Amino acid sequence: MSWLEWFEFGSYLVTIIGLPLAILIFVAEHRKSIRAEDAEIYQRLSDDYGNFLELAIQNSDLGLLRRDTVDDYLNDDQRERAQAMFRILTALFERAYILLYDKALSAQRRRQWATWDDYMREWCQRDDYRRALPELLEGEDAAFVAHIRGIIENLRTVPDTALPAIDPSIRAATETAPDFR
């Protein structure tokens with residue numbers, strides 16, 4: 001075999017083996033970088049939620065970490081701070097929704113999204129947060145707003161015995177609150 005034939009044979013070998021191998025390596029690296037990016041996004045969101053909880057602890061007089069709402073006992077300054085906290089929380093929820101939610105979720109992304117969906121459901125059970133939602137949702141992403149409204153509707157269809165006990169005076173106040181369908 002001449003050198004020319006060896007080079008031709010080598011080029012065929014590269015084409016048959018090397019090119020598919022390079023494509024496989026590229027796809028594997030691309031998937032790896034997507035997983036790393038997803039993990040980074042989730043970690044940043046989790047850190048932001050942790051920062052929000054620290055802020056709630058620093059403002060413990062607002063009672064945001066209590067199961068029952070204390071909105072009726074807050075003064076004007078505390079109500080304003082609570083509203084600001086709810087704005088921060090809603091912005092964080094919207095960012096999580098936009099970055100994590102998709103109709104076709106991978107198993108890992110589904111687990112990440114389930115965590116955030118649980119946070120949203122937990123906060124939507126609070127009467128004070130639900131009362132603030134109509135104003136908080138103004139101008140937000142339409143799909144996110146629809147998701148939050150779906151959570152609220154789901155809470156309305158769940159029997160009261162499945163939800164934590166709520167002070168009847170607070171429940172009466174929420175029943176007169178505007179319905180933001």
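**Exercise 1. How many helices and how many strands does the chain have?**

Solution. Start with the ground rules. This is a predicted model, in which local features need pLDDT of at least 70, side-chain atom pairs count only at pLDDT 80 or more, and totals for chains, interfaces and linings use all residues. Residues are numbered from 1 along each chain as its sequence is written, and side-chain values use heavy atoms, leaving out hydrogens and water.

Now count. Helices (H or I, at least four residues) and strands (E, at least two) are DSSP runs, numbered from the N terminus. The chain has six helices and zero strands. From the N terminus, the order is α-α-α-α-α-α.

**Exercise 2. Classify the crossing of H3 and H5.**

Solution. Step one: take the axes, which are lines fitted to C-alpha atoms, for helices over the stretch in contact, with angles from 0 to 180 degrees between N-to-C directions. The axes of H3 (residues 107-124) and H5 (residues 142-157) come within 10 Å and cross at roughly 60°.

Step two: apply the classes. Angles under 35 degrees are roughly parallel, over 145 roughly antiparallel, 65 to 115 roughly perpendicular, and the rest oblique. H3 and H5 are therefore oblique.

Step three: list the contact (heavy atoms within 4.5 Å). H3 contributes Trp113, Asp117, Met120, Arg121 and Cys124. H5 contributes Phe144, His147, Ile148, Ile151, Ile152, Asn154 and Leu155.

**Exercise 3. Compare two aromatic pairs by geometry and burial.**

Solution. Step one: fix the criteria. Rings of Phe, Tyr and Trp (its six-membered ring) pair if their centres lie within 6.5 Å; planes under 30 degrees apart are stacked, over 60 edge-to-face, the rest tilted. The whole structure holds 15 aromatic pairs.

Step two: take Trp6 and Phe9. Their ring centres are 6.2 Å apart and their planes stand at 85°, so the pair is edge-to-face. Both sit in H1 (residues 3-58), three residues apart, so about one helical turn separates them.

Step three: check burial (buried under 20% relative accessible area, exposed over 50%, partly exposed in between; 1.4 Å probe, protein chains only). Trp6, at 47%, is partly exposed. Phe9, at 42%, is partly exposed.

Step four: take Trp116 and Tyr119. Their ring centres lie 5.1 Å apart with planes at 90°, so this pair is edge-to-face. Both lie in H3, three residues apart, about one turn. Trp116 is buried at 0%, whereas Tyr119 is partly exposed at 25%.

**Exercise 4. Which residues form one aromatic cluster with Trp116 and Tyr119?**

Solution. The cluster also includes Tyr49, Phe52, Phe86, Phe93, Trp123 and Tyr129.
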